[in-house]
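Biologist: I am new to this structure and would like a close look at a single part of it. Please start from one residue, explain what surrounds the part it belongs to, and then place that part in the rest.

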Amino acid sequence: MFIQLKFDSEVPIYEQIKQQIKIGMAKGTLQPGERLPSVRQLAKDIGINLHTVNKAYQQLRDENFLLIHRQRGVVIHPDGAPKTDEIHKETLKAELAPIIADAFCREMSENDFLSVCYEIFKEMKGGSSDG
Amino acid sequence: MDKTFYIITAIVFLVNFSLAFMPYFTRKTESFGVSIPEKVYNDSEFRSLRKQYATITVLINGLIIILFYSSISFVSETTLMTLFIVATILYLLSCFLVYLPFHYKMKRIKVREAWHEVHEQRVVVDTTFHREKTYVSYKWYIIPFFIVIVTVAYTFLVYDQIPDEVPIHTSFSGKVTYDEKSIGNLLILPFSQLFLLGTMLIVQYVINHSKQQISAENPERSKRQVVLFRRYWSLYLVISTYLITFMFSGLQLTFIYPDLLGYEDYVIWPVIAFLLIGAIVLSIRTGQGGSRMKIDSKREANVMDRDDDQYWKLGQFYVNKNDPSIFVEKRFGVGWTNNWAHPISWILLLSLIGLGLVIPLLFIYL
């Protein structure tokens, strides 16, 4: 999978790495059990500090998206991503609130907002290969 | 002057011409050490810059060639040898001096065009890149190593039968001079073989482990180009290693069997020709990072590589403290260079220079 990082974005690079890996998993371009480059390798290829990549990997591991083995290296969790639950729904709600507030202020209709959501869901299911 | 002299100098001067066309071999996302969007590479402004550079350097090389050959009848052979080395260094230096104003001009154009403000700057990496078969296995280097061992073993097996004088020195004019047989003298070639083998292994390591560098404008195509680029150059490296190893073992045989002396020309020249022509042809075919190889694919509009020009001193020397990479692709040329902010780069450079100096000294005192 191609990880695409925007260096003039306000989103920090470690956050972008996390997002890209999750998108890859959603689209199926990253399969459960698939190996990812080591921290050092990815940092070299991007040309950034090891800590930045390490931070992204550690957080993804803490969220149960990745496994970090001493020998086999970094792999996508063989069971796939953790399933949604009450706690996840709470977090999701908290994260969506400011986004919806922003759309609401701009007088975006509920339907328009939802159709954007449908579109993104479709993209994920479609597994578009451009990663 | 002997024909060997003319062949050597002519080859070097001809190869120098290929350096004039360096701007045509770089990635299309770079122009004289400054990053540009790929789509402007063929704009007339940049085409004429490349042409100007090539014209100037070709003229300089021509001038050096004329001056050099017209001085032949005036100076002694040893002076000529020095003159030849000076001429070559002078040419490399003048290429760089000609490059500089072009580099600064590009920097001004970059400010004027503000490409990095109107394009989204991205870095693209492929998570599966290092699983691709981009290179040939290190196992291929076992055979040349074995050849060196066999050469040494055979030499000392028949040591008693080797003539007391071995044709060690070949002067610049191609005249063979002899030296007394000694263990040191007979080890010169095998040691050179090992030194070259070590160097080739380091280069292979660089090809295998250098940063992946996929262009953001067209990742799909760029990845395939880089993979092919690495494969072709790995293959060239392995073939070169075999040829050089066999060539040196062949030379060693002329020490043991003086009857073979004179036949080495039939080996040395084809090998040198292959190495030089091979490198030039491959550079023209692949271009830096495979950029000259035609592969169809869609291009993303308004995206370009992250602006890392600040880390490229004079557009040619990569110094980036934040980048853990040691080896990266050259900006102005075909091949790889070091991240000079990494201490290992300096350790490597100094140890190569050290070895190059120590090995010849070793044989003087052996």
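Modeller: A:Phe2 counts as buried, because 21 C-beta neighbours lie inside 10 Å of it and the cut-off for a buried residue is 20 or more. Everything said here concerns a predicted model. A:Phe2 sits in strand β1 of chain A, and that strand is the part to look at closely.

Strand β1 of chain A covers residues 2-6 and pairs with β3(B) in the antiparallel sense, over 5 bridges. One pair of bridge partners shows how the strands line up: A:Ile3 has B:Val125 of β3(B) as its partner. In general, strands of a sheet pair through backbone hydrogen bonds, in either the parallel or the antiparallel sense.

The pairing continues on the chain B side. β3(B) is joined to β6(B) by 3 bridges, and these strands run parallel. Within that pairing, B:Gln121 stands opposite B:Met304 of β6(B). Taken together, 3 strands make an open sheet with mixed pairing, in the order β1(A)-β3(B)-β6(B). Its edge strands are β1 of chain A and β6 (303-305) of chain B, each of which pairs on one side only. From one strand to the next, the twist averages 45 degrees.

The sheet is one part of the contact between the chains. In total, 18 residues of chain B are in contact with 21 residues of chain A. On the chain B side of this contact, strand β3 (residues 120-126) supplies the largest share, with 7 residues. That side of chain B is made up of 5 nonpolar, 7 polar and 6 charged residues. The strand that pairs with β1 of chain A is thus also the element of chain B with the largest share of the side touching chain A.

Now for the rest of chain A. Chain A has 5 helices and 3 strands, and from the N terminus on they follow the order β-α-α-α-β-β-α-α. The opening β in that order is the strand described above. The other strands of chain A are β2 (residues 66-69) and β3 (residues 73-76), which run antiparallel and are joined by 4 bridges. A hairpin of 3 residues connects β2(A) to β3(A), and A:Ile68 stands opposite A:Val74 of β3(A).

A second phenylalanine, A:Phe65, lies in the loop between α3 (50-62) and β2 of chain A. What is the burial class of A:Phe65? A:Phe65 is partly exposed, because 19 other C-beta atoms lie within 10 Å and a buried residue needs 20 or more. Leaving aside residues up to four places away in sequence, A:Phe65 touches A:Ile21, A:Lys22, A:Met25, A:Leu60, A:His77 and A:Ala81. A:Phe65 and A:Gly80 are 15 residues apart along the chain, and their C-alpha atoms are separated by 6.9 Å.

Chain A is divided into domain 1 (13-76) and domain 2 (86-124). The C-alpha centres of these domains are 26 Å apart. Helix α5 of chain A, residues 110-126, has 17 residues and reaches 24 Å from its first C-alpha to its last, close to the 24 Å expected at 1.5 Å a residue. α5(A) is hardly covered, with a count of 0 buried residues among its 17. For the position of the starting residue, A:Phe2 and A:Asp112 are 110 residues apart in sequence, and their C-alpha atoms are 30 Å apart in space.

Some overall figures for each chain follow. The C-alpha trace of chain A spans about 50 × 35 × 30 Å along its principal axes. The C-alpha atoms of chain B fill a box of roughly 75 × 50 × 35 Å along its principal axes, and chain B has 10 helices and 10 strands. Of the 131 residues of chain A, 24% count as buried; for the 366 residues of chain B, the share is 27%. Among contacts between residues at least 6 apart in sequence, 56% of those in chain A join residues at least 24 apart. The corresponding share in chain B is 72%.

Note on methods: Residues are numbered from 1 along each chain as its sequence is written. Chains are lettered from A and ligands numbered from 1 in the order in which they are written. This is a predicted model: local features need pLDDT of at least 70, side-chain atom pairs count only at pLDDT 80 or more; totals for chains, interfaces and linings use all residues. Two residues are in contact if their C-beta atoms, placed from the backbone, lie within 7 Å. Helices (H or I, at least four residues) and strands (E, at least two) are DSSP runs, numbered from the N terminus. Ala, Val, Leu, Ile, Met, Phe, Trp, Tyr, Cys and Pro count as nonpolar, Asp, Glu, Lys and Arg as charged, and the others, Gly among them, as polar. Two strands pair if DSSP finds at least two bridges between them. Domain bounds come from an automatic or database domain assignment. A residue is buried if 20 or more other C-beta atoms lie within 10 Å of its own, exposed if 12 or fewer, and partly exposed in between; C-beta atoms are placed from the backbone. Axes are lines fitted to C-alpha atoms, for helices over the stretch in contact, and angles run from 0 to 180 degrees between N-to-C directions. The expected span of a helix is 1.5 Å times one less than its number of residues.
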